[in-house]
Every structure is written in structure tokens, then in C-alpha cells.
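Student: I am new to this structure. Please pick one part, look at it closely with me, and then show me what lies around it.

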Amino acid sequence: MMIACLPGDGIGPEIMAEALRVLAALDLGIETAIADVGGAAYKAHGHPLPPETLELARTSDAVLFGAVGDPECDNLERHLRPEQAILGLRSALGLFANLRPATMFKGLEDMSALKPEVASAIDLLIVRELNGDVYFGEKAQRVLEDGRRQGYDFMSYAEDEVRRIAHVAFRAAQGRKGKLCSVDKANVLETSQLWRDVVIEVAAEYPDVELSHMYVDNAAMQLVRNPGQFDVVVTGNLFGDILSDQASMCVGSIGLLASAALGERQTASGTFGLYEPIHGSAPDIAGQDKANPMAMILSLAMLLRHSLGLEEAAVRVEKAVSQALADGITGADLGGSAGTTEVGDAVLARL
Ligand SMILES: NC(=O)c1ccc[n+]([C@@H]2O[C@H](COP(=O)([O-])OP(=O)(O)OC[C@H]3O[C@@H](n4cnc5c(N)ncnc54)[C@H](O)[C@@H]3O)[C@@H](O)[C@H]2O)c1
Ligand SMILES: CC(C)[C@H](C(=O)O)[C@@H](O)C(=O)O
Ligand SMILES: [Mg+2]
């Protein structure tokens, strides 16, 4: 089994190093291969997603991804910016289903941006569509006849794109508490009306799942008012991006939330996927040993589970993370003083 490791930019390499220490300690005999991606790849090879990196990802059993984004690249033409690497990987590899779990960790209730009694009920999964929406529609800037500049991004979903993510979400709900909330903006957007219609059609195949619908503005409010009401949330690419960052602060830090991006391709023992923290390259704290590596380490656990079929190893990693957090080993993002490596040490000691 081979994992392609793409550390990327900013804190990416720092948190990747901790995840790889955990993987080595598990001693599972898994091969790893490291490649450049993002701003680092642009600087070394002139492109944020060099063909060799994409090929490595394609031929691996799973991809472990750090983060991309570099302020020095923010003024490049869009197709050369670091962020195009992650969008390119998701799209080229057909990774349409993004699982972003958010669960309250014991001992962190006081670190949530919410009241502890509200936060302690959080145990939800955001299923975010990852290959469509306004992210991948035609986009450009142009000058109108009257001389004003205009920017536009075309938002759309085709019914098959909605149907396949709906199936993923319904199945996820069946494996959890049997509740699915579809989040859209059907009161304004035709894209969302189609989304809602298709989700309702798919629901007929899952009579055991309780389906509800919520407008995204209300969902953002409900997520802080009463996050315990959510089990599985299914939504489009843009809404899912925003709601998952919000969910992270409900559990205490964006440095805690892992994710899996899955497609249809099967590996020898699971589903091929790309695994990454939901956060970015955090240039403001890069190189300072301040990054929380837990989201990256938990992404490794998701990889072991979904792509390699190593459930026991995944649980071992998750338990070690929970134990380290319960023992109060946290960095500045969670009110503690431990550095990135120290947090990694704490996980290793509890494996
Ligand atoms: N998937 C990705 O690679 C990804 C995701 C989001 C943003 N980005 C990119 O990252 C760059 C920075 O974006 P941003 O600042 O909006 O978002 P960000 O997630 O990088 O950072 C937001 C804030 O959260 C903090 N933070 C993030 N991760 C942390 C961690 N592990 N531990 C402690 N604190 C952490 C940062 O210090 C910052 O204050 C941009 O170039 C953006 O495009 C990439
Ligand atoms: C970097 C960016 C393209 C990316 C997204 O918007 O999907 C990020 O915010 C994420 O959540 O993974
Ligand atoms: Mg995001």
C-alpha cells in the first residue's frame, strides 16, 4: 500500500511531519512518497499541481494532503495560484464527496466559541459536494459597455451531481443517527431548487432516514444556537466550505477538523481518497511551531479507515488524539502552550 504525501505550504509541512511520525509509529508497513504541491510546487516547478504530483496521487492508494496557500502567490494568474492544486486534485481524481466530521472532544467544552452545555452536544457530519457548484462554473472579469468592471462566477448543479452526493449522505445517515438535513438556498437560487427536488427524489430510497431541509442562512444560525440538532448535513460546495469552518469553532479550533474527499474508485481494501485538515496554510503562524497538528493526524485516521480498511489502526489514532486533548495537551489555539511537535509527542505517547 502506498500513500502520496503532499505537504504543501505554510504550516502544511509542519503538520504533515507529525502525521508521518504517527504513521511510522503504527508500523503498518505502508509506503509513503512525498511530492510538491501548491505554492511550493509553483516555486520549484512553475505549476501548483505538476504532472508528476498528479500522477503520484493517481497511482497511490490514498493521498494525505497538508494545506496550500502562499501570500506571495496571491497575485498570480488564477490558474497558477496554490489553491488550484487542491481544486485540481479534487476534480481530476473525481473526489466529489467531502466528509467533514465535527465532534466535541471531552475536556474541550470550555474552548468552544459556544456555551459549554450547547457545545457538548456536537456530533455531526457535514457531507459537502466537492466537484461542482460555483467553484467550477465559468468565471471571469469583464468590462461592461458602460465601462464598469464586472466579475462573475456561474453557479450550477446537474441532477446526477446532486443525486450521487445525496446517496453518500443518506448512507452516512443510516450509519449514524438516521437524520439528514439538506442545506440550500432554494428560496432564491434555482441551483438550490433543483438540489432540493433531487434530494427529495433520492429520499424515497431511504425511508429509514428522517430528511429535513434548511436554508443556509438559518443553518448558519442553528449551528451556533443548537448544533446538537444536526446529525448529517448535506450541502453544496460553497455552503459546505463556509459551514465547516464555522462548525470548527463550535468544537473549539479549526485545528481539530479533519476531512476525507472520496470518489468512486475502489482500492484493494477501501475507497480511494484524499485526506486533509479543513483549514488552510495559516501563513500567520507558519514556521513558529504553533500549528495544531490534530486535524492532520485525524485526517490520517480517516485515510486508514476509508482507503486502507485499517479500522483498528484508525481507532487507535483517534483514541490517542482524544486522550491527549483530555489530558490538556493543547497549543495556543486551544488555550494551551504546547507546540506542534509537543502535541505530536503527546499523541505518540498515547498510541
Ligand atoms: N485546503 C487547503 O489547502 C486550504 C484551506 C483553506 C484555506 N487555504 C489557503 O490558506 C491560506 C490562508 O487562508 P486563511 O487564513 O483564510 O485560512 P487558514 O485556515 O489558513 O487560517 C485561518 C486562521 O486559523 C488559524 N489556523 C488554521 N489552521 C490552524 C492550525 N492547524 N492550528 C492553529 N491555528 C490554525 C490561522 O492561524 C488563521 O488565524 C490562503 O491562501 C487560503 O487560500 C487552503
Ligand atoms: C483553498 C480552498 C480552495 C478550499 C475550498 O474552498 O474548498 C478550502 O477553503 C477548503 O475548505 O478546503
Ligand atoms: Mg475552506
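**A closer look, starting from one aspartate**

Tutor: D217 counts as partly exposed because it has 13 C-beta neighbours inside 10 Å. The scale behind that word calls a residue buried if 20 or more other C-beta atoms lie within 10 Å of its own, exposed if 12 or fewer, and partly exposed in between, with C-beta atoms placed from the backbone. D217 belongs to helix 8, which covers residues 216-225. Helices (H or I, at least four residues) and strands (E, at least two) are DSSP runs, numbered from the N terminus.

Before we go on, a word about what you are looking at. This is a predicted model, in which local features need pLDDT of at least 70 and side-chain atom pairs count only at pLDDT 80 or more, while totals for chains, interfaces and linings use all residues. Residues are numbered from 1 along each chain as its sequence is written, and chains are lettered from A and ligands numbered from 1 in the order in which they are written. The protein chain has a mean pLDDT of 98, and 100% of its residues reach 70 or more; pLDDT is the predictor's confidence in each residue, from 0 to 100. For the complex, the predictor gives an ipTM of 0.99 and a pTM of 0.98.

Why start with D217? UniProt, in an unreviewed entry, lists D217 under "binding site", together with R90, R100 and R128. UniProt positions are given in the numbering used here, feature names are shortened, and annotations may be inferred rather than shown by experiment. These positions are spread over 128 residues of sequence, and they are spread in space too, with up to 26.4 Å between C-alpha atoms.

R128, from the UniProt list, makes a good partner for D217. R128 sits in strand 5, residues 123-129. Is R128 buried or exposed? R128 is buried, because 28 other C-beta atoms lie within 10 Å. Setting aside residues up to four places away in sequence, R128 touches N98, R100, T235, N237, G240, D241 and S244. Here, contact means that the C-beta atoms of two residues, placed from the backbone, lie within 7 Å. R100, one of those contacts, is itself on the UniProt list.

D241 is another contact of R128, and it leads us to a ligand. The residues around ligand 2 are E83, I86, L87, D241, I278 and G280, where being near a molecule means that the C-beta atom, placed from the backbone, lies within 6 Å of it. Helix 4 (residues 83-92) gives the largest share of this shell, three residues. The shell divides into three nonpolar, one polar and two charged residues. In that grouping, Ala, Val, Leu, Ile, Met, Phe, Trp, Tyr, Cys and Pro count as nonpolar, Asp, Glu, Lys and Arg as charged, and the others, Gly among them, as polar.

G280 is listed around ligand 2 and is also one of the closest residues to ligand 1, along with G69, G255, H279 and N292. In total, 20 residues surround ligand 1. They divide into 10 nonpolar, six polar and four charged.

Now step back to the whole chain. The domain assignment gives domain 1 (1-96 + 258-351) and domain 2 (109-132 + 159-251); such bounds come from an automatic or database domain assignment. Taken over C-alpha atoms, the centres of domain 1 and domain 2 are 24 Å apart. Eight residues from domain 1 and nine residues from domain 2 take part in the contact. On the side of domain 1 that touches domain 2, five residues are nonpolar, two are polar and one is charged. UniProt's unreviewed entry also carries the annotation "domain: Isopropylmalate dehydrogenase-like" for residues 2-347. That span is 40% helix and 22% strand, and its end C-alpha atoms lie 23 Å apart.

Finally, two more aspartates deserve a glance. D133 has a positive phi of about 75° although it is not a glycine. D133 is found in the loop between strand 5 and strand 6 (139-143), and it is buried, with 24 other C-beta atoms within 10 Å. D289, also not a glycine, has a positive phi of about 55°. The loop between strand 12 (270-277) and helix 10 holds D289, which is partly exposed, with 14 other C-beta atoms within 10 Å.
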